[in-house]
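User: Please take a close look at the aromatic rings of the structure shown below. Set out how they are placed, and then carry the description into the parts of the fold around them.

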Amino acid sequence: MEPGDEVPPLEGELLVIGAGSNMVFTKDYEGTVITLSNTFHLSSFTSHLVTAWGGMIMDDLVQWTLDHGLYGLENLSSIPGTVGASAVQNVGAYGAEAKDFIERVEAYDILERRHCDFSNADCRFAYRDSIFKHDPGRYLILRVTYRLSKEFVPNLSYKALEGLPHNTAQQLREAIMEVRWSKLPRPEEHGSAGSFFKNPVVDEDTYHRIRADYPDMPEAHGTDGGYKLSAGWLIDKVGWKGRTQGRTGVWPKNALVLYNADGCSGDEVRALAAAIQQDVKQKFGVALDPEAIII
């Protein structure tokens, strides 16, 4: 679909995808796949608000905002996927999340065949989560409006950003991109679904138990939901970082990433994920939930 197109009647099993960068297919999908064109399209912008087409590539939007003196999204540089997916997944990186900037989301409700608007609160954003994820195939994200700032205030809260050059937002963006690609496989070289697992959130007793046994575990600060652990650290500790299993493996520079080492199938990726989950559960008593979507 292109901006301005009417949504046609849709029947049967439906799968809505953006760029598909966080999806793993284990078989052909027997239904209708819906996706928006990745046309670079801005519906409107004011001094602080930018409304972008849901199919627009998210990183293109990040660069556009900086080119036009609008700041906030720079920490989300080089995240693969679309504007629409930023709302569905509540994408995040380096101390920032999409929910921090999303003002409203315009969507088409496929079930009720009507257009609808969601405020930030309506979206029920949580860690890598939103209302849209809980009803897959129901909502087609048409446009997302972000509230940005005319003043550049660098967000260096994430430890990996300490010491990065940040005299300008563009300088910080380029530094973040360099850090990101130093730890992740480039899509044109090795297929992956990005960070495969969510960072697990555990209760206080579990956190202190693990930290007592493993003083080198990265420190976590308590929140209303509990203590968020590093999934990458857990996976590394059970010995999976840099290992392969058949034609798939765990990226040597980032244990959160499962990658296609040599023409693997989706079932092989799923089997590797299950093996990692089992080992982490056995060693730490912590369940890892996938961030990637497995079809």
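Analyst:
**Aromatic rings and their surroundings**

In this predicted model, K228 lies over the face of Y127, at a distance of 3.9 Å from the ring centre. A second charge placed over a ring is that of R243, which sits over the face of W240 at 3.7 Å from the ring centre.

Rings also pair with one another: a search of the whole structure finds 11 aromatic pairs. One of them joins F196 and F197, whose ring centres are 5.1 Å apart. Their planes stand at 65 degrees, so this pair is edge-to-face, the cut-off for that class being over 60 degrees. F196 is buried, with a relative accessible area of 0%, and F197 is buried as well, at 1%.

Y207 and Y227 form a pair of another geometry. Their ring centres lie 4.5 Å apart and their planes meet at 10 degrees, so the pair is stacked; planes under 30 degrees apart fall in that class. This pair links distant parts of the chain, since Y207 belongs to helix α4 (residues 204-213) and Y227 to strand β14 (residues 226-228), 20 residues apart. Y207 has a relative accessible area of 3% and is buried. Y227, at 15%, is also buried, because the limit for that class is under 20%.

Further ring pairs connect F118, F132 and Y139 into a cluster. Y139 leads to the strands, for strand β10 covers residues 139-147. Strand β10 runs antiparallel to β5, and five bridges join the two. Within this pairing, A52 stands opposite V144 of β10. Strand β5 (residues 49-53) is mostly covered, with four of its five residues buried.

Helix α1 (residues 58-67) is likewise mostly covered, as seven of its 10 residues are buried. Among the buried residues of α1 are the aromatic W64 and its neighbours in the list, V62 and T65; M58, D59, L61 and L66 are buried too. After α1 comes G69, which has a positive phi near 70 degrees.

The sheet that contains β15 is an open one of four strands in the order β11-β17-β16-β15, with antiparallel pairing. Its edge strands are β11 (192-195) and β15 (244-245), each of which pairs on one side only. Strands β15 and β16 (residues 248-250) pair in the antiparallel sense over two bridges, and T244 has G249 in β16 as its bridge partner. Helix α6 (residues 266-284) packs on this sheet, where it touches β15, β16 and β17 (257-260). The direction of α6 makes about 35 degrees with that of β16.

The cysteines complete the account. The count of disulfides comes to zero, where a bond requires sulfur atoms within 2.5 Å. The sulfur of C123 illustrates the result: the closest cysteine sulfur, in C116, is 10.0 Å away, which is too far for a bond. C123 counts as buried at 0% relative accessibility. C264 also counts as buried, at 16%.

Notes: Residues numbered from 1 in each chain as written. Predicted model: local features only at pLDDT ≥ 70, side-chain atom pairs only at ≥ 80, totals over all residues. Heavy atoms only, no water. Phe/Tyr/Trp six-rings, centres within 6.5 Å; stacked < 30°, edge-to-face > 60°. Buried < 20%, exposed > 50% of the residue type's maximum accessible area, 1.4 Å probe, protein only. Lys NZ or Arg CZ within 6 Å of the ring centre and 35° of its normal. Pairing = 2+ DSSP bridges. Contact = heavy atoms within 4.5 Å. Axes fitted to C-alpha atoms, helices over the stretch in contact; angles between N-to-C directions.
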